[in-house]
Amino acid sequence: MKKSIGVSPNIETLFGTRDENVRLLEDGLNITINLRSNAIEIEGAQRDVARAEQVFTDYETLQRSGYSFTNGDLNSMLRVLTSDPNSTLRGLADAGKQRSFGRRTVQPKSSNQRRYLEAIEKHDMVFGIGPAGTGKTYLAVAMAISALLAKRVNRIILARPAVEAGERLGFLPGTLQDKIDPYLRPLYDALYDMLDPEKVDRYLEKNVIEIAPIAFMRGRTLNDSFVILDEAQNTTSEQMKMFVTRLGFNSKAVITGDITQIDLPNARRSGLLEAIDVLKNVNGLAFVHFDESDVVRHHLVQRIVRAYDEHKVRVAEQQMLLLAEPKGTESRSADVPAGSEKPATTAPEVRTNAAAAKE
């Protein structure tokens, strides 16, 4: 099917740098887009052409209403749109406007990120599990700030296990807060990125935003709070059970972690791995899993995550082969007939010679 649509003012901004957005639509919807002198020509299956036409219509409507796309939001929306047949450009833009993230506009950059945000809105406890750079912590902090600014909660509590990544820092100088701050710096970075520094400092001073190691959660009941547990793969089973039972009335909890980066000493089992197994059938919880396609950092990070995953699979296959080899050897020895074994003649010959000597 081939269809031509009229060219609206400023439509070239939809095409993106070096037509990257056009190529994204063409690859995602299996269509061909050609810009003519007075029209845009779309060719492909009827359903795909209709979706592409809806994108152009929604973009024109959003521009007329004064909506502005910033920080690559348009490209992110188009990626979600091409992977989710039920989403529209206007629907994604309206969903972003309904959430207030302080001074930043946060748009999901993949379909899994969109499901993650929707799960946080609909459920009181959400687990976000996936590799580094998929936006698990950043989006959780954004949703917490949105809930605080909308007065749906009275405070934000950010917790993290104080576990070093493969090294020992020793005894750190300063007050207790000075000692734990290095472990919690990623959470501070997300806060200062979305709110004015003065507002963050004021919230921290008044304990509206509290950042603490998970060890300080014991015995507390967290009401009217948005609670985030970051780096949950480094919690023990006892710590994870303690954390998920802190939830009080009118509160939400988001637990994030990467099960491929466990830094627990002595190979202790991660509390996150146990929680995935124990809580998978509990009603009211949501689990959202990310993969390398959701990585939103430098494009090299996506390739690095994929390379490590492939290496892990190869190592597992090699270990399986090594474990299978002894079994194969035993089975081959078991197949040899009993009569075909070479008789042991050495011992009888010695006894015979000794008897002859006595004679």
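Which residues have the most contacts inside the largest nonpolar core? I took this up first. The model is predicted. I found 37 residues in that core. Tyr116, Leu191, Ile211, Phe226 and Ile228 have the most contacts inside it.

Next entry: where the core residues come from. I listed the elements that give two or more residues to this core. The helices are helix 6, helix 7, helix 8 (176-194) and helix 9 (197-205). The strands are strand 5 (155-160), strand 6 (209-213), strand 7 (225-229) and strand 9 (285-289). Helix 7 gives the most, with nine residues. I also noted another core, apart from this one, of 27 residues. Ile31, Val55, Leu62 and Met77 are among them.

Then I looked at one helix pair. Helix 6 spans residues 111-122 and helix 7 spans residues 136-149. They pack at an angle of about 40°. Their axes are 11 Å apart. The crossing of helix 6 past helix 7 is right-handed. From helix 6, I see Gln113, Tyr116, Leu117, Ile120 and Glu121 in the contact. Helix 7 brings Lys136, Leu139, Ala140 and Met143. I checked the classes: six residues are nonpolar, one is polar and two are charged. Tyr116 thus appears twice in my notes, in this contact and among the core residues with the most contacts.

Last entry: helix 10 (residues 237-244). Which of its residues are buried? I have Ser237, Met240, Met242, Phe243 and Val244. I then asked what covers the buried residues of helix 10. The cover includes strand 4 (125-129), strand 5, strand 7, strand 8 (252-257) and helix 11 (271-278). Strand 5 and strand 7 also give residues to the largest core.

Key: Residues are numbered from 1 along each chain as its sequence is written. This is a predicted model: local features need pLDDT of at least 70, side-chain atom pairs count only at pLDDT 80 or more; totals for chains, interfaces and linings use all residues. Side-chain values use heavy atoms; hydrogens and water are left out. Axes are lines fitted to C-alpha atoms, for helices over the stretch in contact, and angles run from 0 to 180 degrees between N-to-C directions. Helices (H or I, at least four residues) and strands (E, at least two) are DSSP runs, numbered from the N terminus. A crossing is left-handed if the near helix is turned anticlockwise from the far one by less than a right angle, and right-handed if clockwise. Contact means heavy atoms within 4.5 Å. Ala, Val, Leu, Ile, Met, Phe, Trp, Tyr, Cys and Pro count as nonpolar, Asp, Glu, Lys and Arg as charged, and the others, Gly among them, as polar. A nonpolar core is a set of buried Ala, Val, Leu, Ile, Met, Phe, Trp, Tyr and Cys residues joined through side-chain atoms within 4.5 Å. Buried means under 20% relative accessible area, exposed over 50%, partly exposed in between (1.4 Å probe, protein chains only).
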